[in-house]
Amino acid sequence: MQVPFLSLKDITEKYKEELHEAVLRVTDSGWYLQGNENKKFEEDYARYIGTKYCVGVANGLQALELMIRACKILYNWNDGDEIIVQANTYIATILAISQNNLKPVLLDPNADTLELDSEKIEKAITSKTRAVILVHLYGRCLYNERIDEICKKYGLKLFEDNAQAHGCMYKGKKTGSFGTVAAHSFYPGKNLGAFGDAGAITTDNEEIANLVRVLGNYGSSKKYVFDYVGENSRLDEMAAAVLDVKLKHLDEDNNRRKQIAKMYYEGIKNPLIKWPTEKSYESNVFHVFPIFCEKRDELQQYLKEHEIGTLIHYPIPPHKQKCYENWNEICLPVAEAIHQHELSLPMSPCLTDLQVKYVIEVINKYTNS
């Protein structure tokens, strides 16, 4: 039996008629940037997340970069100021900090929960610290009240990297609405994915929302008048129309992901396989289902031989990448172990129970050679 890691074609097929209608509506309109589709999606997504404002941008990296840049401008941060962030994240989170000439302060997460330890955050704060970024990695909510209290105590901005956690909640409130501002990626493989790159920021702060929109429009709030050295980062009409269709089905798709995760949790009994401490199903939308294995590469090959697709999120941590070679000697043992042992199992709202049971059966037969 073949079990793909993720079939975007199958996901698109689920809502084919609605998506075709949305695409035709855009093509027939003759208006392809900053039009009604964009406005509607921004309003609908802000309402869904629970914030006053949503600003669409070209991709998730630019959502991160622009939210940080807007705050750097508005709050007069200096080059070299610091932002605290977990070390076990995708490199985009780190790039967005360094591209703004700010310094990422990398912290090891908790080995069991993968969450940032509030005590480590407080100890890492210096006179140059300006913000903390919570990365809701794998679709797991990393927010808690203690981190919020620390940020308020020291006058820090709380950023959220919500690229993998669309629809995730904590005590009835969605991620992407807890911090000063949040960045969202709509890369095709995300829980809410476009037909290509797309992104957004959400916030209750009108100044931040307006400045992100200006910075992403070449630095212009009025045609041919440029107040900032900006860039071209706008959500196009086609992406907005597609996302608005899929947004209507996001909770349904997330619920299916939770059903699949429950099957994995209850069915996988192999002592060689571990996973992070389970969270409530409200606080996890299972963008991926990560497991950990000492012989991860061997396990991945074994699953491949049984036609089961997997991915590694991510094989090399940011501080060990060539582009950050000045950091290569930094030792962050928990993050490094995560990157060495993590393997993501198939996770998609289109997986059948039969496919999931097959994955469980094959994993339970795996032995350490």
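Student: Which ring has Lys174 over its face?
Tutor: This is a predicted model. A charge counts as over a ring within 6 Å of the centre and within 35 degrees of the normal. Lys174 lies 4.3 Å from the ring centre, over the face of Tyr48.

Student: Which ring does Lys157 lie over?
Tutor: Start from the distance to the ring centre, 4.0 Å. Lys157 sits over the face of Tyr75.

Student: How many aromatic pairs are there?
Tutor: Ring centres within 6.5 Å make a pair. By this rule the count of aromatic pairs is 19.

Student: The rings of Tyr45 and Tyr48 pair, but in what way?
Tutor: Their centres are 6.4 Å apart. Planes under 30 degrees apart count as stacked. Here the planes make 20°, so the pair is stacked.

Student: Which helix holds both Tyr45 and Tyr48?
Tutor: The two tyrosines are three residues apart, about one turn of the helix. Residues three or four places apart in an α-helix point the same way, because there are 3.6 residues a turn. Both tyrosines belong to residues 36-49, helix α3.

Student: Are Tyr45 and Tyr48 buried or exposed?
Tutor: The cut-off for burial is under 20% relative accessible area. Tyr45 falls in that class, and Tyr48 too is buried.

Student: At what angle do the ring planes of Tyr143 and Phe178 stand?
Tutor: The ring centres lie 4.1 Å apart. The pair is stacked, because the planes stand at 15°.

Student: How many residues apart are Tyr143 and Phe178?
Tutor: Tyr143 is in the loop between β4 and α7 (145-154). Phe178 is in the loop between β7 (173-174) and β8. The pair links distant parts of the chain, and the separation in residues is 35.

Student: What is the relative accessibility of Phe178?
Tutor: Its partner Tyr143 is buried, with a relative accessible area of 9%. Phe178 counts as buried too, at 14%.

Student: Where in the order of the open sheet do the edge strands stand, and which are they?
Tutor: Seven strands run in the order β1-β9-β8-β5-β4-β2-β3, with mixed pairing. An edge strand has a single partner, so one side is left without a neighbour in the sheet. The edges are taken by β1 and β3 (103-107).

Student: By what angle are neighbouring strands of this sheet turned on average?
Tutor: Direction is ignored here. The average turn of one neighbour against another is 20°.

Student: In what sense do β1 and β9 pair?
Tutor: Five bridges join β1 to β9 (residues 199-203). Among the partners, Gly56 matches Ala200, and Val57 stands opposite Gly199. The sense of the pairing is antiparallel.

Student: Which residue stands opposite Gly199 where β8 meets β9?
Tutor: β8 and β9 also pair over five bridges, in the antiparallel sense. Opposite Gly199 in β9 stands Ser185.

Student: How many of the residues of β9 are buried?
Tutor: Gly199, Ile201 and Thr203 point one way from β9. Ala200 and Thr202 point the other way. Both sets are buried. The strand is largely enclosed by the rest of the structure, because the buried count is five of the five residues.

Student: At what angle does α7 run to β5?
Tutor: α7 lies across β4 and β5 (157-161). Its direction relative to β5 is about 140°.

Student: What angle does α8 make with β1?
Tutor: α8 packs on the sheet and touches β1, β8 and β9. Its direction differs from that of β1 by about 15°.

Student: Which element gives the largest share of the largest nonpolar core?
Tutor: This core has 44 residues, with Met67, Ile68 and Phe159 among those with the most contacts inside it. Contributors of two or more residues include β1 (53-57), α5 (91-98) and α12 (333-341). The largest share is seven residues, and they come from α4.

Student: How many residues make up the other core?
Tutor: This core lies apart from the largest one. Its members include Ala261, Phe289, Tyr302 and Leu303, and the total is 28 residues.

Student: Which residues does Asp244 touch, sequence neighbours aside?
Tutor: Asp244 lies in helix α9 (residues 237-247). Its relative accessible area is 8%, so Asp244 is buried. Leaving out residues up to four places away, the contacts are Lys40, Phe41 and Asp44.

Technical notes. Residues are numbered from 1 along each chain as its sequence is written. This is a predicted model: local features need pLDDT of at least 70, side-chain atom pairs count only at pLDDT 80 or more; totals for chains, interfaces and linings use all residues. Side-chain values use heavy atoms; hydrogens and water are left out. A nonpolar core is a set of buried Ala, Val, Leu, Ile, Met, Phe, Trp, Tyr and Cys residues joined through side-chain atoms within 4.5 Å. Buried means under 20% relative accessible area, exposed over 50%, partly exposed in between (1.4 Å probe, protein chains only). Helices (H or I, at least four residues) and strands (E, at least two) are DSSP runs, numbered from the N terminus. Rings of Phe, Tyr and Trp (its six-membered ring) pair if their centres lie within 6.5 Å; planes under 30 degrees apart count as stacked, over 60 as edge-to-face and the rest as tilted. Two strands pair if DSSP finds at least two bridges between them. Axes are lines fitted to C-alpha atoms, for helices over the stretch in contact, and angles run from 0 to 180 degrees between N-to-C directions. Contact means heavy atoms within 4.5 Å.
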